[in-house]
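Hello,

Here is the structure I said I would pass on. My notes on its charged pairs follow below.

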Amino acid sequence: MATYIVGDLHGCFDEFQLLLEKGNYDPKQDELFVTGDLVARGKDSLACLRFVKDPANNTKMVLGNHDLHLLSTLLGIKRVKPNDKVEPIFQSEDRLELQNWLRNQPLVIQHPTHKFLLVHAGISPEWSLSTTLHCAKEAEAVLQSSEYANYIAQMYENSPQRWSDDLQGIERWRYIINVFTRMRFCYIDKRLDFECKLPIEEAPKELIAWFESDNPLYKEQNIIFGHWASLMGKCPIPNIYALDTGCAWGNDLTMLRWEDKQIFTQKRLK
């Protein structure tokens, strides 16, 4: 049995299938994980959702910011962006089923055997392992509750920037969601920044990548994430793996086989 992890799909279903063939993925004996952002930009987000949802494919995912944005548009909170190419989801007969399945997906997966952490964007520079797992459960419980639409409607803000155990309500939930699904940069004092989306080498000098902060967890824990396509799979911390390589933007879809750390890639199809 092998364990495979694939970077952000963004609707690139054909490339996803070719990548699984390259790695000889067998759902009857292997397991597959995806770093989130199943949808938006590629031409077949609906097929990506249905594949991951199907138990026969033995696939698990963590939620990304584009997955949450899809939920907000399905709820009528946000407008659909034409470039996201998600109209088939709105027209599908299983739309409501997919919506409810998606909001029940986790924000963090800790592998039961290999113990790596799978997240979409990252882990707060102010969190320990136990805080990370506890906060994920808190936010997941909100998304799985009857009040989830109200919380998603208040999701689109950049505050608070700092973590505190005393945070409550929407501010606490928003910080957690922003960390797991949106974070890229932070300041030396561990305040989060959500404005800068530049490559690391072009970012303002006062900003550092979240994984360059001095959180001891980053050196102790294997962490796999997506979200940050401009990294192109490069992370200076040896036990932290960046897997989003921008397939939807004309680059590659990337897959890691955990047991031997072999990397498989598939170019964007025209």
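Salt bridges

Asp214 and Lys190 form a salt bridge, with 3.0 Å between the closest N and O atoms. The two residues are 24 apart and join distant parts of the chain: Asp214 lies in the loop between strand E8 (207-209) and helix H9 (217-220), and Lys190 in the loop between strand E6 (185-187) and strand E7 (192-193). Asp214 has a relative accessible area of 54%, so this residue is classed as exposed. Please keep in mind that the model is predicted.

The whole structure holds 13 salt bridges, and two others are described here.

Arg50 pairs with Asp94, and their closest N and O atoms are 2.8 Å apart. This salt bridge also links distant parts of the chain, since Arg50 sits in helix H2 (residues 45-53) and Asp94 in the loop between helix H4 (87-91) and helix H5 (95-102), 44 residues apart. Arg50 is partly exposed, with 37% relative accessibility. Asp94 is buried because its relative accessible area, 16%, is under the 20% cut-off.

Lys267 and Asp252 form a salt bridge as well, the closest N and O atoms lying 3.4 Å apart. Here the distant parts of the chain are two strands: Lys267 belongs to strand E12 (residues 262-267) and Asp252 to strand E11 (residues 252-257), with their positions 15 residues apart in numbering. Lys267 is exposed at a relative accessible area of 55%, whereas Asp252 counts as buried at 15% relative accessibility.

Regards

Key
Residues are numbered from 1 along each chain as its sequence is written. This is a predicted model: local features need pLDDT of at least 70, side-chain atom pairs count only at pLDDT 80 or more; totals for chains, interfaces and linings use all residues. Side-chain values use heavy atoms; hydrogens and water are left out. A salt bridge is a side-chain nitrogen of Lys or Arg within 4 Å of a carboxyl oxygen of Asp or Glu. Helices (H or I, at least four residues) and strands (E, at least two) are DSSP runs, numbered from the N terminus. Buried means under 20% relative accessible area, exposed over 50%, partly exposed in between (1.4 Å probe, protein chains only).
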